[in-house]
Amino acid sequence: MLQIMLLNFKPLDRVHAEGLLELCLMNNYGTCDTTPLTLWLWAPFYKTEYAEAISLSKRRMVFIRHTKPCSRLAYMFPMCHEDDTAEALDILEQNVGKRIIFTNVTSLQNDVLLKRYGERADSLNKRDWADYIYDSEDLSFFKGKRFSGQRNHMNSFIKSEPEWRFVKITQDNAHLATDFLRTLEKDLPAPSDAFELFERTSTKELFFDYSFSGMLGGYIETKNGIVALAVGEVIGDMLYVHIEKAMRNVRGAYQMIVSQFSQAFAINGVRYINREEDVGDEGLRTSKLSYHPIKLNEKYTVAIKA
């Protein structure tokens, strides 16, 4: 008999975001939107909420939804054991009705929804949303002719800054990362929208209390101070790079942080690096493609009609 269960959605806080790692490891989503750090960082912007349930097989199920800035609630695909997927979708329908919008849906999840709902499902995939996936060895060492441009930039940097060093970010030096971001902002135009404003603000605030479980960070330091930094997390065999900043007027700074961050944290079985999407920005797309991704992880929005 179908389980009747009411979902009690609450604002997603840090503790519960950190507690999602087990489910992320189990499902190996491979997309940047479903990692614990991303969900926690963007929870204030999207007004993210979560609810939990226990399946008939006594396994944990987590339901996540974004309440802003969309005109309608947008749900993520239930986070649960694969064998509990149908039950989780049943429970979601019981609570929110037959009309559901699913966001940040992976290709495999999209297939599940299309099979379950058939003609009731409208699936949309935009190239702008796809995550760029790279081989960790490629980004660590830039070997081969196709990476000659990156190596040239790095060699130029090393020649001009022989005393450079890569430093892992800790609670003791995190304030230096905040200072660097403030310096970068001085040369940037004012934020063009609420999304960009939140991104800048939340990135700086991340370093005020640098203690989120599993968070990894590092910066490139020269005699003149920090010139680049990156922040991410490892889930399974993938390193997710959520933040990547560098001084544009310092040749090779971007290439150095990409390489050094990968060498530092793409270890112990990490084979892939996710550098997130390009959101349709042509300059960002050109840059990400120049690092030769091995694939693009597509993401979908799926609207289920009544």
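**Reading pockets, cavities and burial**

Tutor: In this predicted model, helix H5 gives the most to the lining of the second largest pocket, with 4 residues.

Student: Which elements each supply at least two residues of that lining?

Tutor: Three elements do so: helix H2 (21-27), helix H5 (107-117) and strand E13 (295-297).

Student: How is such empty space found in general, and what volume does the second largest pocket have?

Tutor: The general idea is that rolling a probe the size of a water molecule over the atoms shows where empty space is left. For the second largest pocket, the volume comes to about 590 Å³.

Student: How many residues line the second largest pocket, and which lie nearest its centre?

Tutor: Its lining consists of 24 residues, and those nearest the centre are Asn-27, Asn-28, Tyr-29, Thr-106 and Leu-108. By chemical class, the lining of this pocket holds 10 nonpolar, 10 polar and 4 charged residues.

Student: How many cavities of 30 Å³ or more does the structure hold, and which residues line the largest cavity?

Tutor: There are 3 cavities of 30 Å³ or more in the structure, and the largest cavity has a volume of about 50 Å³. Around the largest cavity lie Tyr-29, Thr-34, Met-76, Phe-77, Met-79, Thr-103, Asn-104 and Gln-109. This lining divides into 4 nonpolar and 4 polar residues, with no charged ones. Tyr-29 thus appears here and also among the residues nearest the centre of the second largest pocket.

Student: Let us turn to single residues. Is Thr-35 buried or exposed?

Tutor: A residue is called buried when its relative accessible area is under 20%. Thr-35 has a relative accessible area of 1%, and therefore counts as buried.

Student: Where is Thr-35 placed, and with which residues is Thr-35 in contact, leaving aside its neighbours within four places in sequence?

Tutor: Thr-35 sits in the loop between H2 and helix H3 (36-46). Leaving aside neighbours within four places in sequence, the contacts of Thr-35 are Cys-24, Glu-233, Ile-235, Tyr-240 and His-242. With Glu-233 there is also a polar contact between the two side chains, at 2.5 Å.

Student: Why is Asp-172 classed as exposed?

Tutor: The class of exposed residues begins over 50% relative accessible area. Asp-172 is exposed because its relative accessible area is 69%. Asp-172 is found in the loop between strand E8 (165-168) and helix H8 (174-185).

Student: What separates the C-alpha atoms of Asp-172 and Gln-150?

Tutor: Asp-172 and Gln-150 are 22 residues apart along the chain, and their C-alpha atoms are separated by 32 Å.

How values were computed:
Residues numbered from 1 in each chain as written. Predicted model: local features only at pLDDT ≥ 70, side-chain atom pairs only at ≥ 80, totals over all residues. Heavy atoms only, no water. 1 Å grid on protein atoms, 1.4 Å probe; cavity = no way out; pocket = protein on both sides within 12 Å on 5 of 7 lines; lining within 4 Å. Points joined across faces, edges and corners; volume = space filled by probe spheres on them. Nonpolar A, V, L, I, M, F, W, Y, C, P; charged D, E, K, R; others polar. Buried < 20%, exposed > 50% of the residue type's maximum accessible area, 1.4 Å probe, protein only. Polar contact = N/O pair within 3.5 Å; in protein donor to acceptor, adjacent residues only side chain to side chain. Contact = heavy atoms within 4.5 Å.
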